[in-house]
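Reader: Please take me slowly through one part of this model, namely its charged side-chain contacts. After that, I would like to hear about the patch and the pockets that go with the same picture.

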Amino acid sequence: MSTATQAPRRPRKSKLGWNLLGLLVFVTAGFPVYWMINTAFKPAKDAIDPDPHFFPSTFTLENFRRALDIADFWGPVTRSLVVSTVVVVIGIAVGLLAALAISRFAFRGRKIVIVGILTVQMIPLVAMIIPVFLLLNDLGQYDKLSGLVITYLTFILPFTVWTLRGFIVNIPKELEEAAQVDGCTPTGAFLRVVFPLLAPGMVATSVYGFIQAWNEYLYALMLMSQQNQTATVWLSNFITKNGTEYAPMMAGSTMMAVPIVILFLLVQRKMAAGLTAGAVKG
């Protein structure tokens, strides 16, 4: 007779409870997105109906035409794409080097740097508007995309460094040492061994950094003129003296979400792998 005992099965009620919780989270997070798209295809009068309907009775594209006609759309979107892309590229390049130094090298003040990164992320963005405005004005970067890039790096770069540090720490240092024993230089060991393992984490960090830069509103409003406004500030054109045009605004928001959705679809596998890699310490 076998003495092995079977592991107790998890009760079905427990699994059902977790499934219901996951469904609740999904509905809570997804309903605003659904309502945005729903309103975008509704007639304008239905968007302000005091008795809202969960499904539009009539589909129309008039809101999208109105959104494109109310103000220049492609200019703000192009500026947002340029700023977000440049911020991500610079942030990943600088953040990777900083995260590598913090994770792999012991130096005086290392803990202070780590605490400083966390402290910067705790400071509310609104508290830095006046210093940032004065600094950019002195540097001649007010109302310039380069000034907006510098501003966004102040809060995206610490996030990038901290996130990449977590991924690098999860990669055993022994892999680099083994590669160096086989004849690789420290740089070669990093490029051949660490970098491929770090790539999913870099993709995940890049996507989150891009979303932060793309959705930022406060600094773009305060530091850029109407001629150089970004996509998020462009949405304020729907707030007129006669009230807010909710249906065209939701159409504009839907169009603004398209680049993010496309980006996510292109990198979803790498992003999922990166999030999983960062969950377990090697």
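Author: What follows begins with the salt bridges and then turns to a patch and two pockets.

This is a predicted model, in which local features need pLDDT of at least 70 and side-chain atom pairs count only at pLDDT 80 or more, while totals for chains, interfaces and linings use all residues. Residues are numbered from 1 along each chain as its sequence is written, and side-chain values use heavy atoms, with hydrogens and water left out.

A salt bridge here is a side-chain nitrogen of Lys or Arg within 4 Å of a carboxyl oxygen of Asp or Glu, and by this rule the count comes to five. One of them joins Glu 62 to Arg 65, with N and O 2.2 Å apart. These two residues lie three residues apart in helix α3 (residues 62-70), so about one helical turn separates them; helices are DSSP runs of H or I with at least four residues, strands are runs of E with at least two, and both are numbered from the N terminus.

Arg 65 also has a salt bridge to Asp 69, where the closest N and O atoms are 2.6 Å apart. Arg 65 and Asp 69 are four residues apart in helix α3, which means that about one helical turn lies between them.

A further salt bridge pairs Arg 66 with Glu 245, at 2.8 Å between the closest N and O atoms. This pair links distant parts of the chain, since Arg 66 sits in helix α3 while Glu 245 belongs to the loop between β2 (243-244) and α12 (246-277), 179 residues apart. Through shared partners, salt bridges join Glu 62, Arg 65 and Asp 69 into one network.

As for accessibility, buried means under 20% relative accessible area, exposed means over 50%, and partly exposed lies in between, using a 1.4 Å probe and protein chains only. Glu 62 is partly exposed at 39%, Arg 65 is partly exposed at 43%, and Arg 66 is partly exposed at 31%.

The model also has a nonpolar surface patch of about 970 Å², whose members include Leu 16, Leu 23, Phe 31 and Phe 55. Patch residues have over 30% relative accessible area and no salt bridge, with nonpolar side chains (Val, Leu, Ile, Met, Phe, Trp, Tyr) joined within 5 Å and like charges within 9 Å. Leu 23 is placed in helix α1 (residues 12-40), and at 49% relative accessibility Leu 23 is partly exposed.

A pocket is an open set of points on a 1 Å grid over the protein atoms alone, with protein on both sides within 12 Å along at least five of seven lines, and lining residues have an atom within 4 Å of a point, whereas a cavity is a set where a 1.4 Å probe fits but cannot get out. The largest pocket has a volume of about 240 Å³, and its lining includes Trp 214, Asn 215, Met 256 and Phe 264. Helix α12 gives the most to that lining, with six residues, and by class the lining holds eight nonpolar, three polar and no charged residues.

The second largest pocket contains about 210 Å³ of space, and among the residues lining the second largest pocket are Arg 104, Lys 173, Glu 176 and Glu 177. Helix α8 supplies the largest share of this lining, four residues, and the lining of the second largest pocket divides into four nonpolar, two polar and four charged residues.

Note on methods: Accessible areas come from the Shrake-Rupley method with a 1.4 Å probe; for residues, only the protein chains shown count as cover. Grid points are joined across faces, edges and corners, and a volume is the space filled by probe spheres set on the points. Ala, Val, Leu, Ile, Met, Phe, Trp, Tyr, Cys and Pro count as nonpolar, Asp, Glu, Lys and Arg as charged, and the others, Gly among them, as polar.
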